[in-house]
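Me: I am going to ask how the terms used for a protein model are justified. Please set each value against its definition.

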Amino acid sequence: MAVRHHLIRVGPGAVWDVLADGHRYAEWVVGTSESHPVRGQWPRTGAAIHYEIRLGPLRLDNETVVRHCEEGSRLELEAHAGVLGTARIAIELRPWGEHCLVIVDEHPLRGAGGRLHNVGFEALIQLRHRTMLARLAKLCEAEARTPGSGRRPLGQVTVGSEADGAGHA
């Protein structure tokens with residue numbers, strides 16, 4: 001199980017604002033190139049975002065589903081990574097004075113990732129988390145210096161049948 005923490009020099013509310021915006025996932029999650037909500041109201045339980053991973057000319061479309069949400073403090077996700085299977089990613093926000101201690105706990109659930117999980121794989125996840133948390137910190141701290149930058153309106157995504165054309169944001 002890969003557990004990593006990082007102190008971000010803003011309050012938990014500012015960090016939650018970034019986590020609660022499904023369009024911004026690709027800005028701080030290592031390996032993703034774009035993201036957008038596809039169903040439900042992110043980050044409520046059951047909501048999902050679609051994201052793309054680009055490896056040279058190869059593009060992989062994946063989805064992350066919210067499995068548990070305690071607004072403002074805890075977000076548990078199941079990331080679907082194609083042939084690699086799925087992983088559980090829990091993100092916890094703790095007030096730390098006037099700052100926020102972010103704790104990320106990730107482990108494979110199903111598929112090849114679970115079967116291949118070993119110490120080497122764990123080290124790669126730790127490196128990924130280090131970069132991911134540094135990106136999240138940079139994003140949150142920059143927004144705190146320039147309020148309103150990068151914030152997008154949050155909304156519900158309703159996906160209907162193609163026949164009625166109800167799929168819209």
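The questions below go from the whole chain to single residue pairs.

Reply: Before the questions, note that this is a predicted model, in which local features need pLDDT of at least 70 and side-chain atom pairs count only at pLDDT 80 or more, while totals for chains, interfaces and linings use all residues. Residues are numbered from 1 along each chain as its sequence is written, and side-chain values use heavy atoms, with hydrogens and water left out.

Me: What makes up the secondary structure of the protein chain?

Reply: The protein chain has four helices and seven strands. Both kinds are DSSP runs numbered from the N terminus: helices are H or I with at least four residues, strands are E with at least two. Along the sequence the pattern reads β-α-α-β-β-β-β-β-β-α-α.

Me: What kind of sheet do the seven strands form, and in which order?

Reply: The seven strands form an open sheet with antiparallel pairing, in the order 1-7-6-5-4-3-2. Strand 1 (2-8) and strand 2 are called edge strands because each pairs on one side only. Two strands count as paired if DSSP finds at least two bridges between them. From one strand to the next, the twist averages 25°; axes here are lines fitted to C-alpha atoms, for helices over the stretch in contact, and angles run from 0 to 180 degrees between N-to-C directions.

Me: How do you know that strand 5 and strand 6 pair?

Reply: Seven bridges join strand 5 (residues 74-80) to strand 6 (residues 86-96), and the definition asks for at least two, so the two strands pair. They run antiparallel. One of the partnerships is alanine 79 with alanine 87 in strand 6.

Me: Why is glutamate 52 called buried?

Reply: Glutamate 52 has 9% relative accessibility. Buried means under 20% relative accessible area, exposed means over 50%, and partly exposed is in between (1.4 Å probe, protein chains only). The value falls under the first cut-off, so glutamate 52 counts as buried. Glutamate 52 lies in strand 3 (residues 48-55). Leaving out residues up to four places away in sequence, glutamate 52 touches Gly31, Thr32, Ser33, Glu34, Arg59, Leu60 and Asp61, where contact means heavy atoms within 4.5 Å. Across the 169 residues of the protein chain, 40% count as buried.

Me: Why is the pair of glutamate 63 and arginine 39 called a salt bridge?

Reply: A salt bridge is a side-chain nitrogen of Lys or Arg within 4 Å of a carboxyl oxygen of Asp or Glu. In this pair the closest N and O atoms are 3.0 Å apart, so the pair qualifies. Glutamate 63 lies in strand 4 (residues 58-70) and arginine 39 in strand 2 (residues 32-39), so the salt bridge ties together parts that are 24 residues apart in sequence. The relative accessible area is 24% for glutamate 63 and 35% for arginine 39, so each is partly exposed. The whole structure holds eleven salt bridges.

Me: What makes arginine 128 and glutamate 106 a tie between separate parts?

Reply: Their closest N and O atoms are 3.2 Å apart, and the pair forms a salt bridge. Arginine 128 belongs to helix 4 (residues 119-145) and glutamate 106 to strand 7 (residues 99-110), so parts 22 residues apart in sequence are tied together. Arginine 128 is partly exposed at 26% relative accessibility, whereas glutamate 106 is buried at 9%.

Me: Why is the pair of tyrosine 25 and tryptophan 28 called edge-to-face?

Reply: Rings of Phe, Tyr and Trp (its six-membered ring) pair if their centres lie within 6.5 Å; planes under 30 degrees apart count as stacked, over 60 as edge-to-face and the rest as tilted. Here the centres are 5.9 Å apart and the planes stand at 65°, so the pair is edge-to-face. Both residues are in helix 2 (residues 25-28), three residues apart, which means about one helical turn separates them. Tyrosine 25 is buried at 6% relative accessibility, and tryptophan 28 is buried at 4%.

Me: Why are tyrosine 25 and tyrosine 51 called a tilted pair?

Reply: Their ring centres are 5.5 Å apart and their planes are at 45°, so the pair is tilted. Tyrosine 25 in helix 2 and tyrosine 51 in strand 3 are 26 residues apart. Both tyrosines are buried. Tyr25, Trp28 and Tyr51 form one aromatic cluster.
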